[in-house]
Amino acid sequence: MKRFVRVVLVVAALAMVLTMVFACGGETGSPAGSGGSDGAGSTGSAGGSGNDGGSAGSGGSDSAAVPSSSGSAGSKDDQASGGKADAEDSKPDVGFTVESGVLIMATNAEFPPYEFWEGGKIVGIDAEIAGAIAEKLGLTLRIDDIDFDAIIPAVTAGRADMGMAGMTVTEERMENVDFSDSYAMGVQVIIVPNDSPIASVDDLFDENASFDIGVQEATTGDLYTTWDLEDEGLATIFRYKRGADAVQALIAGRVDCVVIDNEPAKAFVAMNTGLKILETEFAVEDYAIAFGKGNTALRYAVNGALVELIAEGTVGRIIDKYIGAD
Ligand code: GLN
């Protein structure tokens, strides 16, 4: 039944790359656990410096520049018209970027271990993979920290080259953006207090259910619970700007559970006492990078870099560094 495990549409190519993640990504490979509840997140704090939910919309974003080893990638003109690069010329055709020589990544750095603030810097799996991609493409990475629901608008409006935020590939989003190949899997899980009457996802679907559910606004946790539960009269959804705020609401007893991605769930449960993650999953999904529609050259260039980084084991090493062996 789709309400139990909604497997989000994946283009056939994603399967191939995922296979490579498993094949090349080291022993632990993918971060997609089975929704386990060990709570052993190896992440640092989600410290909210400079971004504590105050900035409405996409204004006032924080940026973090991550210089890559090589210099600028040249003007977009010589790349746009160039077609295939010479065999001699190893510089990839990165096509259009908003600012020449710069790869602007829009994210919401409230999502450990994929992106979070640590020591005044945005770090995490996505930040490091993006840094490695930028380096391969000869670009300087700039990370803009904005609200999650502002990421796709930033990409479609040309304020950012790509959105990378543990972002799930969904059919609805594919109407507005194109996705890279997938580089990781996510699972929507349910966080409850240790003494919660909610024992499994089935309890949320009970015909008499009327739980208050906390989610991060505009995430797939929000979308699925809205469609599958609130629209069916089975729950009331409370939407927060940050997953951490939803978890604080849970601790304060303002909601009965939180539906959120498994790795941030583990990090939030590890940071707080009295919470656990239920064994049963709400949904299984693929994470990918979002690009403006039509920005095919950049998407292809990033996909090419991603394939190399997966094959070289870099993606696996980065994932292992932040998630470790579950
Ligand atoms: N994977 C979820 C989504 O894409 C949540 C992402 C996030 O909160 N950064 O909606």
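The following exchange goes through some terms applied to this predicted model and the values behind them.

Mentor: Residues are numbered from 1 along each chain as its sequence is written. Because this is a predicted model, local features need pLDDT of at least 70, side-chain atom pairs count only at pLDDT 80 or more, and totals for chains, interfaces and linings use all residues.

Trainee: What is the average pLDDT of the protein?

Mentor: The average is 79, and 70% of the residues score at least 70. pLDDT is the predictor's confidence in each residue, from 0 to 100. Over residues 1-61 pLDDT stays under 50, and so it does over residues 66-89.

Trainee: How many contacts beyond four places in sequence does the model have for residues 66-89?

Mentor: There are 34 for residues 66-89 and 133 for residues 1-61. A contact is two residues whose C-beta atoms, placed from the backbone, lie within 7 Å.

Trainee: Why is the ligand said to lie between domain 1 and domain 2?

Mentor: Domain 1 (24-33 + 47-185 + 287-323) and domain 2 (186-284) both give residues to the shell around the ligand, so the ligand lies between them. The bounds come from an automatic or database domain assignment. A residue belongs near the ligand if its C-beta atom, placed from the backbone, lies within 6 Å of it. Among the shell residues are Asn 108, Phe 111, Gly 186 and Asp 261.

Trainee: What makes strand S3 largely enclosed?

Mentor: Five of the six residues of S3 (residues 102-107) are buried, so S3 is largely enclosed by the rest of the structure. Buried means that 20 or more other C-beta atoms lie within 10 Å of the residue's own; exposed means 12 or fewer, partly exposed in between, with C-beta atoms placed from the backbone. A strand is a DSSP run of E, at least two residues; a helix is a run of H or I, at least four; both are numbered from the N terminus.

Trainee: How do you know that S3 pairs with strand S7?

Mentor: Pairing requires that DSSP finds at least two bridges between two strands. Six bridges join S3 to S7 (residues 140-145), in parallel, so the definition is met. Two parallel bridges join S3 to strand S8 (residues 162-163). Ala 106 stands opposite Asp 144 in S7 and opposite Gly 163 in S8.

Trainee: Why is helix H11 called largely enclosed?

Mentor: Seven of the 10 residues of H11 (residues 314-323) are buried, so the rest of the structure largely encloses H11. The buried residues include Val 315, Ile 318 and Tyr 322. After H11 comes Gly 324, with a positive phi near 70 degrees.
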